[in-house]
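Student: Got a minute to go through this model with me? I'd like helix packing first, then cavities.
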Amino acid sequence: MKLGGVRFSVVSDAAWAPGLDTTAAWQAWAGKPYVIEGSGDAAVAAMPAMLRRRAGSMGKMALEAAYRCLDGRIDVPTVFCSRHGECARSTELLTDLAHGQPLSPTSFSLSVHNAAAGLFSIARQDPASHTALAAGHSGVEHAVIEACGLLADGAAEVLLVVYDGMLPEVFHEFQDCQEQAFAWAWLMREASAESGPTSSSTISLSWSSLTGDESSVMKQELDSCRQPAGLEVLAFYLRQDPELIRTVDGRRWCWGRLA
């Protein structure tokens, strides 16, 4: 049963991951995706040092992509999307709590799901709204729907930031995809709006519900070695594929590219 769909244009984009810091590197990765490994933090040189030091590795990735994508624009609503959020920081806090250690107020304040979005807003002194989402394997799709809702409500542009990192060791046995550290951002406009010279073609996203039998098959076929949702969508975008179909969380999500 078809439920709905949205369309939008991407005005600019940016991505960062350990070892993938240039457009050429990301294009090479998209041509033949591999597991992103390595270490190191994003520089986030555009952010004041006092705030930059508060961000963890995953937050810095998200912030780097956000700064690059916005390129100085202000008053742009943002939607940050991460499946696990600051899971590593939360795990450290819970471990300290279990051991009877005092909790760090700073670590606690930065463990919330909108930590990166909050730092971004504070650093830029930007009063535009920001939203932080977590929606399982279909988080990217729900974030796009949220961003398109903001566009429909009158926002001229919306910044979408998708990011995630490695899970702490205590959660490794529960992994259901090949977790990797990455972040990417799109500056989105309505599909009817005039796009700049670097924008891509219009992207569409539609969705339908799965039948009971289809959902059962989907669960049986779930591959723990698959790429995270954010990287599947990013590869589709960078390769300019005509279509990407993802069946997760009881939905069939159909991404398309329109001329």
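Student: At what angle do helix H3 and H6 pack, and how far apart are their axes?
Tutor: H3 (residues 57-70) and H6 pack at about 45°, with axes 10 Å apart. Axes are lines fitted to C-alpha atoms, for helices over the stretch in contact, and angles run from 0 to 180 degrees between N-to-C directions. Helices (H or I, at least four residues) and strands (E, at least two) are DSSP runs, numbered from the N terminus.

Student: What are we looking at, and what's the fine print?
Tutor: This is a predicted model: local features need pLDDT of at least 70, side-chain atom pairs count only at pLDDT 80 or more, and totals for chains, interfaces and linings use all residues. Residues are numbered from 1 along each chain as its sequence is written, and side-chain values use heavy atoms, with hydrogens and water left out.

Student: Back to the pair. Which residues of H3 and H6 make the contact?
Tutor: H3 brings Gly59, Ala62, Leu63, Ala66, Tyr67 and Leu70, and H6 brings Ala116, Phe120, Ala123 and Arg124. Contact means heavy atoms within 4.5 Å.

Student: How do they divide by class?
Tutor: Eight nonpolar, one polar and one charged. Ala, Val, Leu, Ile, Met, Phe, Trp, Tyr, Cys and Pro count as nonpolar, Asp, Glu, Lys and Arg as charged, and the others, Gly among them, as polar.

Student: Next pair. What about H1 and H9?
Tutor: H1 (residues 23-31) packs on H9 at about 105°, axes 9 Å apart. That makes H1 roughly perpendicular to H9. The cut-offs: under 35 degrees is roughly parallel, over 145 roughly antiparallel, 65 to 115 roughly perpendicular, and the rest oblique.

Student: Who meets whom there?
Tutor: Trp26, Gln27, Trp29 and Ala30 in H1 meet Leu231, Leu234, Ala235, Leu238 and Arg239 in H9.

Student: Now cavities. How many are there of 30 Å³ or more?
Tutor: Three. A cavity is a set of points on a 1 Å grid over the protein atoms alone where a 1.4 Å probe fits but cannot get out; lining residues have an atom within 4 Å of a point. Grid points are joined across faces, edges and corners, and volume is the space filled by probe spheres set on them.

Student: How much space is in the largest cavity, and what lines it?
Tutor: About 150 Å³. It has 18 lining residues, with Arg83, Gly136, Asp164, Ala229 and Gly230 nearest the centre. S4 gives the largest share, three residues.

Student: And the second largest?
Tutor: About 60 Å³. H6 gives the most to its lining, four residues.

Key
1 Å grid on protein atoms, 1.4 Å probe; cavity = no way out; pocket = protein on both sides within 12 Å on 5 of 7 lines; lining within 4 Å.
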